[in-house]
Amino acid sequence: MTDIPSLAERVRRVRQVNAQRLQRAVILMSEKQRIFFEQLPVLLHFNHPLLPGYIQDAPCGIEHFELSRYQQSYIDELCSATGYSGLADPGRRDIMSIYSMGSTGSIGQNSRSDLDIWVCHSHDMPKRDRFLLEQKCGIIANVAAGRGVEVNFFLVPDDKFTGPQEESSTLSSEDCGSAQRLLLLDEFYRSALHIAGRWLVWYLVPDEYDTIDRYDRCVAGIMSELGSGSSDWFDLGTCNTISAEEFFGSALWLIYKGIHSPYKAVLKILLTEAYSAEFPETRLISQIVRRHYQLDSAYSNQMDPYYQTFMKVRGYLGARNDSKRMELAAVSFYLKMTDGLSPDGRSTADSFRRAEVEEFIRDGNISEAARRYVDGRSRWRISDVRLAYHVITETLMQSYRSLSDFVKKSGISSALSDQDLGILSRKLFASFNGAPHKVMRINLNMAPDISEKVLTFVHVPAGHLCAAGWYVYGAEPRPVSMAGTAPLYYDISIVNVLCWLTINRIISSSTEIHIAGRKPRGIDPGIIRKLARNVSETVSAMEIMPSNAELMAPETFRMVGIFVNTDGSDDIPDDILSGDMNYAFSFGADRRNLVRNIEIAYVNSWGECYAQRFEGEGVLERVTAFILDHVRVSKGDTDGKLRFYCWSRFSRVVIDTLRNFLFKCLEMRRISRKEGMQTFVVSIGGENITVGIDDVRAVFRKVASLLDYYNFDHMTLRRIGSELSSQIPVAIRKCASSGITQYFFQVLPGGGFNIYEARGRDEISLYQDAGGSIDELVSFINRRAAEVNGRKAGGADGQVSFNMPQFYMLSADGGDAEVYAPSKQHGASSGSAPGASGETGGLRFDGPKLMFF
C-alpha cells in the first residue's frame, strides 16, 4: 500500500473529484433540472409551509449542511414575496446525507436524465418518522414532475447493507426488492455523487483492507485518525462480500429493466455475467473507480462508472472471442454516450460530450458500420427494430442462462425470495414469452419514431393459397412498391393486426391507410382508421403498470374491446325489415342473428395484450364463456372495462343487444355466488336457448319448450365433463387460469393438507393428506420449475420461459382462496415430517393421485 496517499490527501482528493463531477453534472443539466438540483437540499433541510414538501412533524435537517449563495437567495426571494422575515434553523438533523447515483455527473448524463436520490438516515429512525419522510419526498418528487424533472427518492438507513434485510423492501419498477443487495451497493458506490451532509468513508478505504475480515477495523482506524472530523463521515459497509446467490436474482431484475431500457440493461447484465466469471475473486467496478479517486489528482474517464463498465465487459467478451456480443456492448455504450446529443454540438454541454464521443471512436471501441447503424436510428423502421429486438433479447437470455448455470453449478439457492421470484417471472413472461393470440411489443424504446407514412392492408379470404386473414405492408398499394416486399405483420384478425401496429407505434394519426386487392364489403380506409382509434382506446391500458398483487393473482381483464362484424356490412334484404328490429339476435321478419363474428382485444391485469377472432356456429356461447372466464368485477364496475364497437348497417341494435346480453350474464354470475345457478331464456336466430350461469361457467342449451327450463340444473356440464367435478372447490374454479400451473393448499382439521394442482381450467389433480412444510414445498416447486424452464431454454429455439407457478391457500370449505404468503404455517408443520429425507424438504404424499377432472 506504499502507493496510497495519506489519509488527509485521500480526503482532499475525494472531495475535489466530487466537486469536479458536480460541476460537470450541472453543466449537462437542463435549466429546469439545474434549478431543482440546487433547491433540493433546501427542500429536505427545512420543513416549512413556504416550501414544497411540507408535512407537519416530518423529519428534516441535513447534518453539516450550509446554504450556498444561490440557496440563500432562493429562500430570501420566497420570504420577501410572502412576507416572512426568514426561515429559522429546523433545530433537528434527521438526515445524515444526500447522494445522487446513476448517470448524474457521468458520461451517460444528458438533459433528459432522471435523478436517483439516496436520502440516508439513521437506522433507529422511528417507523412513523420514516413514513412521514417518505411522504415528504413523494411530494417533492411530484413537484419536480410538474416542473418537467423526473426524480426518484430512496430512503436508506445506515445499516441497510450491514444489518438484516428489510422485510418491507418491496419489488417495484425502481426498487429491486430481494433481487439485488450488495450488487446494488456496488452500483451506488461506483456512481455516487455527494450533494449534502456526511461523506461516505468507504472511499477512503484502501483496496488491501476492503475484505470481510479487515474492513471494519480499517474503518474504525480511519475514524479514529480523523478525530473530531469523523462526524463528517458515515459508513454503509463493504460490497466486496457479494455472494453467488445474488447473481440469479440480479439477472431476472436486469432482464425486467430491459423492457424499458434495453441497451442499458444489456451492459449491466453483461457486467453481472463478467462478475460471475471472476467469482469469488471478483474485481468490482466500484473498487476500480475508488482506486482512481485515491490516486488521481483530477477527474477523468477512469473514474466514470459507465466507461469502466464498458471496459470490464469488453475485456470479458474479448477473452471469449465473443465478437457478436462485444459489438452490442459497444453499441449500448455508444448509445448511452450520444443519447440526447445534438448533431452540431453547439452548446457547451454538447461540445463537452461530443469530445468524449470522438475519443471513444478514435480508440477503436466501435466499428464504423455499427456507428453508422446507430447514428441512423432516427431513420429506423420496424424491420430494424425487429432485428435489434432479436439481438438484444437473445443477449439478455444468453446472460440469463449463463448466470443460471453459474448458480446451479455453485450448488446454491437464489437470494431472491419466492414472492419476488413469482412477481419478476410473471413480469418477464408478460413481456417476452409469446402465447396464442398474444400481441407482442417488440419496440422497446429502441428508436425515436418508427411510424410508417403509408400502410397498405390486404385481405385474403378463405380458400386461397395464402392463409386467410389480414396482411399489412409498409408500402403504397402499387405493384412496383409491394413487389418482393414481405408483410410487416399477419393475423386472421384485423383487430390483432391493429393492436400490433398500435402498441409498437407503427401506425399514427398521420399514417396514410390503403386497402389493396378485393375489399371486404363495408370495409374501407376510413373504417380501418376508426377501428385503429378504437383499438388504441383498449391497448392504452397497457400503460398502467400491474401491481405486485395483480401479478401474484389470476389474470383478469383490465380493458376489453369487443368488435362485432369486422368483415363488413350486413347483407340484409329490405324485404325482411319488419317485425322486431330492436333485437339483433333474432332480427326482422326472418329472425336473423346479426352477430356473425366477434373480435376481442383485451389487456389483462398482467399487462399483456391479446386479440382473437370468434366466428361460426356457437359464436355467442364461446364469447360468453370467454368473458365470464376473465371478467371478475363487482356490481357496477363493468361499464368501464367492456367497450363495444360495430360499423355495420344496424350497428346500434347490434351493440345494444350484445351489451345487454353480456351484462346480464355478468350480473347473473354475481347473483349466483349467493343463490346458485341462474337461468334465463334468449332467442337466437329464432330458436329458444336457455342460458345457465354460475360462478365459473355458462351453459347454452337449445330447448323445444320452455318446460325444459325446469330440468336445466340437472344437466351434465360439458365444461368439466366428469362425475368427479363436484369435488373441485369453488375457489379453484374461480381462480384457475389458462396457460399456467397453480397450486392450492387446503389445511385439514386433523393435520396435514390437500394439494390441488390446476393446469388450466379443465385439468385439475388432487393430492390428499400431504404432510410437512408448505413453505418448503413452495420453494421446492419453484426450484424445479426454474430447472424445467432452464432445460426448455436448451432447445432448438433457445427460448427462456418465465412461466412460474402460482400458489394459494384454500379456506376450510374451499369457497375462498388467498395468495400464499410464506412462513405463516397455515396449520401445517413448520419443519420436516419425522423420518422424511431427500430434496422434497420432508414432504410426504400418502394419498392416491386422483384422475383428471
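# A tour from Arg591 to the hairpin of strands 19 and 20

Start by selecting Arg591, which is partly exposed, with a relative accessible area of 40%; here buried means under 20% relative accessible area, exposed means over 50% and partly exposed lies in between, all with a 1.4 Å probe and with protein chains only. This is a predicted model, in which local features need pLDDT of at least 70 and side-chain atom pairs count only at pLDDT 80 or more, whereas totals for chains, interfaces and linings use all residues. Residues are numbered from 1 along each chain as its sequence is written, and side-chain values use heavy atoms, with hydrogens and water left out.

**Backbone stops in the loops**

Arg591 lies in the loop between strand 12 (557-564) and strand 13 (597-604), where helices (H or I, at least four residues) and strands (E, at least two) are DSSP runs numbered from the N terminus. Although Arg591 is not a glycine, its phi is positive, at about 50°. Move next to Arg505, another non-glycine residue with a positive phi, here of about 55°; the loop that holds Arg505 runs between helix 17 (494-503) and strand 11 (512-516). Arg505 is partly exposed, its relative accessible area being 35%. Then select Phe279 and Pro280, which are joined by a cis peptide bond with omega of about 10°, and note that Pro280 is found in the loop between helix 8 (262-278) and helix 9 (285-295).

**The sheet beside Arg505**

From Arg505, show strands 8 to 11: they form an open sheet of four strands in the order 10-9-8-11, with mixed pairing, two strands being counted as paired if DSSP finds at least two bridges between them. Strand 10 (489-491) and strand 11 are the edge strands, each pairing on one side only. The twist averages 20° from one strand to the next, with axes taken as lines fitted to C-alpha atoms (for helices over the stretch in contact) and angles running from 0 to 180 degrees between N-to-C directions. Strand 8 (residues 454-460) and strand 11 run parallel and are joined by five bridges; to find the register, select Val458, which stands opposite Ala516 in strand 11.

Add helix 17, which packs on the sheet by touching strand 8, strand 9 (469-473) and strand 10, with its direction at about 150° to that of strand 10; a contact means heavy atoms within 4.5 Å. Helix 18 (residues 525-539) also packs on the sheet, touching strand 8, strand 9 and strand 11, and its direction makes about 125° with that of strand 11.

**Helix 3 and its two sides**

Now go to residues 69-82, which make up helix 3: at 1.5 Å a residue its 14 residues should span 20 Å, and the end C-alpha atoms are 20 Å apart, which agrees, the expected span being 1.5 Å times one less than the number of residues. Colour Gln71, Tyr74, Ile75 and Cys79, which are the buried residues of helix 3. Seen down the helix axis, these buried residues fall within an arc of 125°, so they line one face of helix 3; the arc is that of the directions from the helix axis to the C-beta atoms. They pack against helix 2 (31-45), while the face turned away from the buried side carries the exposed residues Arg69, Glu77, Ser80 and Ala81. Just after helix 3, Gly83 takes a positive phi of about 85°.

**Leu193**

Select Leu193 in strand 4 (residues 193-197), a buried residue with a relative accessible area of 0%. Leaving aside residues up to four places away in sequence, Leu193 touches Asn18, Arg21, Leu22, Ala25, Ile98, Tyr99, Ser100 and Thr104. A C-alpha to C-alpha distance drawn from Leu193 to Ile117 comes to 9.5 Å, although the two are 76 residues apart in sequence.

**Strand 19 and its partners**

Finish at strand 19 (residues 741-747), where six of the seven residues are buried, so the strand is largely enclosed by the rest of the structure. Strand 19 pairs with strand 20 (residues 753-759) in the antiparallel sense over seven bridges, one position to pick out being Phe745, whose bridge partner in strand 20 is Ile755. The two strands form a hairpin with five residues between them, and Gly751 in the turn has a positive phi of about 110°. Strand 19 is also joined by five bridges to strand 22 (residues 806-810), and these two run parallel; here Gln742 has Gln806 of strand 22 as its bridge partner.

**Zooming out**

With the whole protein chain in view, the secondary structure comes to 23 helices and 24 strands, and buried residues make up 55% of the 853 residues.
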